[in-house]
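Got the model open in your viewer? Let's walk through it one selection at a time.

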Amino acid sequence: MYIVLLGPPGAGKGTQASLISEKTGLVHISSGDIFRENLKNDTPLGLEAKGYMERGELVPDDLTIAMVKDRLSKSDCKQGALLDGFPRTPAQAAALSAMLAEWDKAVDLVPYISVPEEELIERLSGRWTSQTGRVYHVKYNPPKIAGRCDVDGSPLFQREDDKPETVKNRIKVYFQQTAPLIDYYKEQGLLVEIDGTQSIEEVGADLLAAIEQVK
Ligand code: AP5
């Protein structure tokens, strides 16, 4: 099963993708995490993506599509994947459909986690992340020991692009370039809207119920 998690920055896509991946065994593919990994390792892709990410803009489609295609073509994605942060433009959505069609597959479900704009800034400014991509929040999902990951004890960090100015631009870019995908997937009958203002557990339960429906 191929699932596309849609939603604005801070909606909870990464949080839910980790939980669903643990529960369903689906591989979690986060385009943002892959870019950040490349950035950390100073790869040519990381260097190309750096400026866009720092400004809160989207990395160009050709680079992003090639990167995700490479990841999706690995053997662990043959039975499905949970895509978090991709696609983010109509061109990326068309490329995803085309690459899955090449492998006789298709997108099965697009949960759209909706959260009002005013909540997004509070969520992103209180977010702390572990080296492995596990996500915490000072108020809504605090780690057991402040500043340390519950799973491996590694130090938590705040993302560079969670600075207030960059967050504002990421939200603006989302509404301009990614929000049109809501209608795109609605027209295909794949969209299920999930109320992202509920607790993390409630959002997770709604997502799992939506996945059960299409199994
Ligand atoms: P990316 O890493 O994908 O960031 P994003 O989409 O902006 O999403 P976030 O990771 O910020 O938020 P999220 O929805 O995952 O929320 P989270 O679970 O962390 O992209 C970063 C950059 O990479 C982009 O700006 C772009 O430059 C580039 N990029 C990536 N993909 C690209 C693509 N396809 N094309 C081009 N460029 C691309 O939750 C947020 C906080 O809220 C956490 O603290 C969490 O604990 C808390 N929280 C979660 N759920 C709840 C809840 N229900 N109640 C209360 N708090 C909650």
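Start with K78 and W103: the charged end of K78 sits over the ring of W103, 5.3 Å from its centre. "Over a ring" is used here for NZ of Lys or CZ of Arg within 6 Å of the ring centre and within 35 degrees of the ring normal. Select R55 next, and you'll find it over the face of Y52, 5.3 Å from the ring centre.

A word on ground rules: this is a predicted model, where local features need pLDDT of at least 70 and side-chain atom pairs pLDDT 80 or more, while totals for chains, interfaces and linings use all residues. Residues are numbered from 1 along each chain as its sequence is written, and side-chain values use heavy atoms, leaving out hydrogens and water.

Now show the ligand and its shell, meaning residues with a heavy atom within 4 Å. There are 36 of them, and the closest are T15, S31, E57, R127 and R170. Colour α2, which gives the largest share of the shell, 4 residues (helices are DSSP runs of H or I, at least four residues, numbered from the N terminus).

Zoom in on the backbone of G85, where an N or O atom lies 2.8 Å from a ligand nitrogen. At Y136, a backbone N or O atom is 2.8 Å from a ligand oxygen.

Last stop: the aromatic pairs (ring centres within 6.5 Å), of which there are 2. Y174 and F175 meet edge-to-face (planes over 60 degrees apart), at 5.1 Å centre to centre and 75 degrees between the planes.

Conventions
Polar contact = N/O pair within 3.5 Å; in protein donor to acceptor, adjacent residues only side chain to side chain. Helix = DSSP H or I, 4+ residues; strand = E, 2+ residues; numbered from the N terminus. Phe/Tyr/Trp six-rings, centres within 6.5 Å; stacked < 30°, edge-to-face > 60°.
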